[in-house]
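Colleague: Could you take me through one part of this model in detail, namely the place where the two chains meet? I would like to know how the sheets and helices are arranged around it.

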2 protein chains.
Amino acid sequence: MAGRLYGVGVGPGDPDLLTLKAIRCVEAADVIAYPVKAPGEKGTALEIVMQRADLSQKETVELIFGMNADDKARKSDYGRAVAALSAILDGGKSVAVITLGDVSLYSTYMRLNADMEARGYKTAVIPGVASFCSGAAEARMPLTIGEEGLAVVSMNGDPEEIRAAVESFDNIVLMKAGGHMGEVVKLLGDAGLKEKATIVSNIGMDGQYVGPVDEERQYGYFTTVIVKKGE
Amino acid sequence: MAGRLYGVGVGPGDPDLLTLKAIRCVEAADVIAYPVKAPGEKGTALEIVMQRADLSQKETVELIFGMNADDKARKSDYGRAVAALSAILDGGKSVAVITLGDVSLYSTYMRLNADMEARGYKTAVIPGVASFCSGAAEARMPLTIGEEGLAVVSMNGDPEEIRAAVESFDNIVLMKAGGHMGEVVKLLGDAGLKEKATIVSNIGMDGQYVGPVDEERQYGYFTTVIVKKGE
C-alpha cells in the first residue's frame with residue numbers, strides 16, 4: 001500500500017510557533033521532504049523543525065525549487081519533486097513536506113498536493129501560523145476589526161490589481177515586499193497612505209524591523225507591509 | 001510593578017493546532033481570561049486550551065462580550081473587561097486573554113490591547129492558526145498560488161464592498177457566513193461563481209461539512225466560504 005503524503009505548515013520562523021500537530025506529524029512520518037533553492041542548502045523550514053522535533057533517525061529529502069524565471073527549468077524542478085515523492089510513497093513510506101508559514105498561502109506544496117491526489121495518493125494538509133498574522137502580532141496591530149475586510153496581495157503581482165486593492169480595502173497586506181520597496185513607497189505615496197503603513201521585516205532573524213516606512217533602510221527578503229486606513 | 005497582558009490565539013478548534021508558544025504562555029500566566037457571550041458559559045477558546053494545558057491550579061476570569069447589537073450594552077461590556085484586566089495587572093499578576101483562531105483577525109482582543117497599552121500596561125500578542133487557513137487545509141485547497149491575491153471579507157459587512165471584492169479578486173474568503181447563506185448563494189449566483197465555491201463548516205465539531213454549496217443544508221455558526229476563480 002502506498003504511503004500518505006502530508007503538507008505541513010511550520011509557521012513563520014519562531015520554532016515555538018510550531019503547532020503540536022505539525023511536530024507530531026513530522027515525528028511520525030517516515031521521510032521529511034523540504035524545499036531548497038539550490039542543492040545542499042539546509043532550507044528555512046527544516047531549520048525551524050529541527051529545533052523542536054527529533055529528526056536524528058529520520059530520512060530527509062530535499063526538493064529543489066530553483067526560483068527560476070525560466071518556465072522550463074521550473075517545470076523540470078517540479079517534475080523531479082513529483083517523481084521523488086511518488087517513489088517514496090510507492091515504497092510504502094509516508095512523507096511530510098514541510099513548508100514555511102501556512103500551507104494554503106503562496107506555497108508550491110498545494111500544487112503538488114493536487115497533482116499527487118490526481119495520481120491516486122492519499123494526502124492531508126496541516127495548517128500553520130501565517131507570516132502576516134505573526135507580523136501583525138509583532139506589531140501588536142489588528143488586521144481586521146469588526147466587519148472590516150482585508151486584501152492580501154503579492155508585490156510580484158499585477159501592479160494595476162495591487163493599486164486597485166490598496167484603493168478599495170480598509171486593510172491591505174503587501175506580501176513579498178522585500179525586493180519591491182521602491183514600488184511600495186511610490187504606491188503608498190500616490191495613495192496618501194505612507195503614514196498608515198507598518199513594515200514587518202525578518203522577524204526573529206538578522207535585520208528584524210517593525211516600524212514605519214523608512215526609505216533609507218535596506219529590508220530583508222521576508223518583508224511584509226501592513227496598511228491600515230483606520231486609526 | 002504591574003503584570004503583563006498577553007493576547008493568545010488558540011487556533012480554530014482542534015487542540016493540536018495550538019502552538020507551543022500559546023501553551024507555554026497560558027501555563028506561565030497567573031490568570032487566564034476568556035471571552036464568553038453570557039455569564040457562566042465555558043467559552044470555546046477555554047475548552048480548546050483545557051485539552052492541552054494544565055489549568056487546574058490557575059485563576060480564570062470570564063470576559064463577557066454579549067454580541068449585543070446595542071452600542072451602549074457593548075461599551076459597558078467592554079468597559080467592564082478593561083476594568084477587570086486592569087485590576088489584575090495592577091495587582092502584579094500576568095493575564096493571558098485567549099481568543100479563537102488568530103488574534104489579529106476579527107478579535108476584540110486587539111482593541112483591548114491598544115487601550116491597555118494606552119493606559120501604560122505592557123502587552124504581547126501570540127499569533128495562532130487562522131480559521132480560514134485551517135478551512136483551506138481541510139478542503140486541501142490553496143488560498144493563493146503564485147502571485148495571486150486574496151480578499152477576506154465579513155458577510156456582516158457592507159454588501160456593495162463584498163460584491164466588489166468578489167468581482168475583482170481571484171480568491172475570496174467569506175467569513176461569518178453561517179447566518180448569511182441565502183445572501184451567499186445569491187451573491188455567488190449573480191457572479192456565476194456557485195460552482196467555484198467550497199463551504200467549510202464547523203470543522204472538528206458537530207455538523208462538520210466540507211464541500212460544494214448545497215442549498216438544502218443548514219450550516220453552523222462557524223462557516224466560511226472559499227471562492228476560487230482559477231481551476
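Modeller: Happy to; I will begin with the conventions, then go from the interface outwards into each chain.

Residues are numbered from 1 along each chain as its sequence is written, while chains are lettered from A and ligands numbered from 1 in the order in which they are written. This is a predicted model, in which local features need pLDDT of at least 70, side-chain atom pairs count only at pLDDT 80 or more, and totals for chains, interfaces and linings use all residues.

Let us start with the interface. Here 45 residues of chain A are in contact with 46 residues of chain B, where contact means that the C-beta atoms of two residues, placed from the backbone, lie within 7 Å. The elements of chain A that give two or more residues to this side are helices H1 (20-28), H4 (109-118), H5 (131-138) and H6 (159-168), together with strands S5 (123-126) and S6 (150-154). These names follow DSSP runs, numbered from the N terminus: helices are H or I with at least four residues, strands are E with at least two. S6(A) gives the most, with five residues. By residue type, the side of chain A that touches chain B divides into 24 nonpolar, twelve polar and nine charged residues. In that count Ala, Val, Leu, Ile, Met, Phe, Trp, Tyr, Cys and Pro are nonpolar, Asp, Glu, Lys and Arg are charged, and the others, Gly among them, are polar.

S6(A) also pairs across the interface. With strand S6 (residues 150-154) of chain B it forms an antiparallel pair over three bridges; two strands count as paired if DSSP finds at least two bridges between them. One of the bridge partners is easy to find: A:Val152 is matched with B:Leu150 in S6(B).

That pair belongs to an open sheet of ten strands with mixed pairing, in the order S9(A)-S8(A)-S10(A)-S7(A)-S6(A)-S6(B)-S7(B)-S10(B)-S8(B)-S9(B). At its edges are strand S9 (209-211) of chain A and strand S9 (209-211) of chain B, each pairing on one side only. Neighbouring strands are turned by 15° against each other on average, direction ignored; axes here are lines fitted to C-alpha atoms, for helices over the stretch in contact, and angles run from 0 to 180 degrees between N-to-C directions. On the chain B edge, strand S8 (residues 197-201) and S9(B) are antiparallel over three bridges, with B:Tyr209 in S9(B) as the bridge partner of B:Ser201.

Helices pack on this sheet too. H5(A) touches S6, S7 (171-175), S8 (197-201), S9 and S10 (223-228) of chain A, and its direction makes about 65° with that of S10(A). In chain B, helix H5 (residues 131-138) lies across S6, S7 (171-175), S8, S9 and S10 (223-228), running at about 65° to S10(B).

How are the two copies related? Chain A can be laid on chain B with an RMSD of 0.0 Å by a turn of 180° and a shift of 0.0 Å along the axis, using a least-squares fit on the C-alpha atoms of residues with pLDDT of at least 70 in both. The two copies are thus related as by a two-fold rotation axis. As 100% of the interface residues of chain A are also interface residues in chain B, the copies meet through the same surface.

Each chain can be followed further. In chain B, five strands form an open sheet with parallel pairing, in the order S3-S2-S4-S1-S5. Strands S3 (59-64) and S5 (123-126) of chain B stand at the edges with a single partner strand each, so one side of each is left without a neighbour in the sheet. The twist averages 25° from one strand to the next.

In chain A, strand S4 (residues 95-99) is mostly covered, with five of its five residues buried. Buried means that 20 or more other C-beta atoms lie within 10 Å of the residue's own; 12 or fewer makes a residue exposed, anything in between partly exposed, with C-beta atoms placed from the backbone. A:Val95, A:Val97 and A:Thr99 are on one side of S4(A), and A:Ala96 and A:Ile98 on the other. S4(A) pairs in the parallel sense with strand S1 (residues 5-9) of chain A over five bridges, and A:Ala96 is the bridge partner of A:Tyr6.
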